[in-house]
Amino acid sequence: MLSPKLLKLLNAQINLEFFSSNIYLQMGAWAENEGLVGCSAFLTKHAGEEMGHMRRIWNYVLESGYMPVLGAIKEAPSKIKDVKALFEEVYTHEQQVTAKINALAQAAFEEKDMITFNFMQWFVAEQHEEEALARNILDRIKIIGLDGKGLYFIDQEAAKFAAQGAADGAAASAT
Ligand code: OFO
């Protein structure tokens, strides 16, 4: 059973995951348009993952005997200055999502709803990984820079991350 407060928070999180997916899909389109196919692959794959997160919560609400409700989803920003600004935005967004996930887990704990608290642990771990990944790319941008061939190498790095994530996903679905 879900309390009205937890149900509201879970619905809000469904909405946020949907928004996250739209943000990354839009960023992927920007990157593709700039000829940054590695960044585009990384971001588009990330958009798909966010939809998976949305689905995970959606199904949890349904399995708990409630109807998930989709609210209005904000417009994803489409004006992006450059790759550095883009990944800074990814990092900031993920930090904001982490705060929401933590608040949801804490609310479940305070209500002694250990089933929802346990359900949220997957998201807590996922946010840790996603923040680390965004920081990692920002670090590479700092080291390599965007001048000259820098942008090309950053795009190559993003392509590697996209391929690595795809390999991890395939291994996880095979187990
Ligand atoms: Fe949904 O994983 Fe980050 O935002």
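How exposed is Arg140, given its relative accessibility? At 29%, Arg140 counts as partly exposed. The model shown in these views is predicted.

**View 1. Arg140 and Glu157 form a salt bridge.** Their side chains meet with an N to O distance of 2.3 Å. Arg140 lies in helix 4 and Glu157 in helix 5, so the pair ties together parts that are 17 residues apart in sequence. The two partners can be read by their accessibility. Arg140 is partly exposed. Glu157 has 15% relative accessibility and counts as buried, because buried means under 20%.

**View 2. Arg140, Glu157 and Lys160 are linked in a network of salt bridges.** Glu157 also pairs with Lys160. The closest N and O atoms of that pair are 3.0 Å apart. Both Glu157 and Lys160 lie in helix 5. Three residues separate them in sequence, about one turn of the helix. Lys160 has 52% relative accessibility and counts as exposed. Side chains of opposite charge can pair when their charged atoms come close.

**View 3. Glu49 and Lys45 form a salt bridge within helix 2.** The N to O distance is 2.6 Å. Helix 2 covers residues 37-63. The two residues are four apart in this helix, so about one helical turn separates them. Glu49 is partly exposed, at 29% relative accessibility. Lys45 is partly exposed too, with a relative accessible area of 26%. For the whole model, the count of salt bridges comes to five.

**View 4. Glu131 is buried yet has no salt bridge.** This residue sits in helix 4. Which side chain of opposite charge is nearest to Glu131? It is Arg135, 4.1 Å away. A salt bridge needs the nitrogen within 4 Å of the carboxyl oxygen, so this pair does not qualify. Glu131 does have a polar partner. A polar contact of 2.6 Å joins its side chain to that of Thr98. Neighbours within four places in sequence set aside, Glu131 is in contact with Tyr91, Glu94, Gln95 and Thr98.

**View 5. Four residues form a nonpolar patch on the surface.** They are Ile143, Ile144, Tyr152 and Phe153. Together they have about 440 Å² of accessible area. Which helices supply the patch? Helix 4 (114-144) and helix 5 (150-174) each give at least two of its residues. Tyr152 is placed in helix 5.

**View 6. Val37 in helix 2 is shown with Tyr152 in helix 5.** Val37 has 53% relative accessibility and counts as exposed. How far apart are the C-alpha atoms of Val37 and Tyr152? The separation is 9.9 Å. Along the chain, these two residues are 115 residues apart. With neighbours within four places in sequence left out, Val37 is in contact with Glu32 and Asp155.

How values were computed: Residues are numbered from 1 along each chain as its sequence is written. This is a predicted model: local features need pLDDT of at least 70, side-chain atom pairs count only at pLDDT 80 or more; totals for chains, interfaces and linings use all residues. Side-chain values use heavy atoms; hydrogens and water are left out. Patches are made of residues with over 30% relative accessible area and no salt bridge: like charges are joined within 9 Å, nonpolar side chains (Val, Leu, Ile, Met, Phe, Trp, Tyr) within 5 Å. Accessible areas come from the Shrake-Rupley method with a 1.4 Å probe; for residues, only the protein chains shown count as cover. Buried means under 20% relative accessible area, exposed over 50%, partly exposed in between (1.4 Å probe, protein chains only). Lys and Arg count as positive and Asp and Glu as negative; His and the chain ends are not counted. A polar contact is a pair of N or O atoms within 3.5 Å; within protein, one must be able to donate a hydrogen and the other to accept it, and residues adjacent in sequence count only if both atoms are side-chain atoms. Contact means heavy atoms within 4.5 Å.
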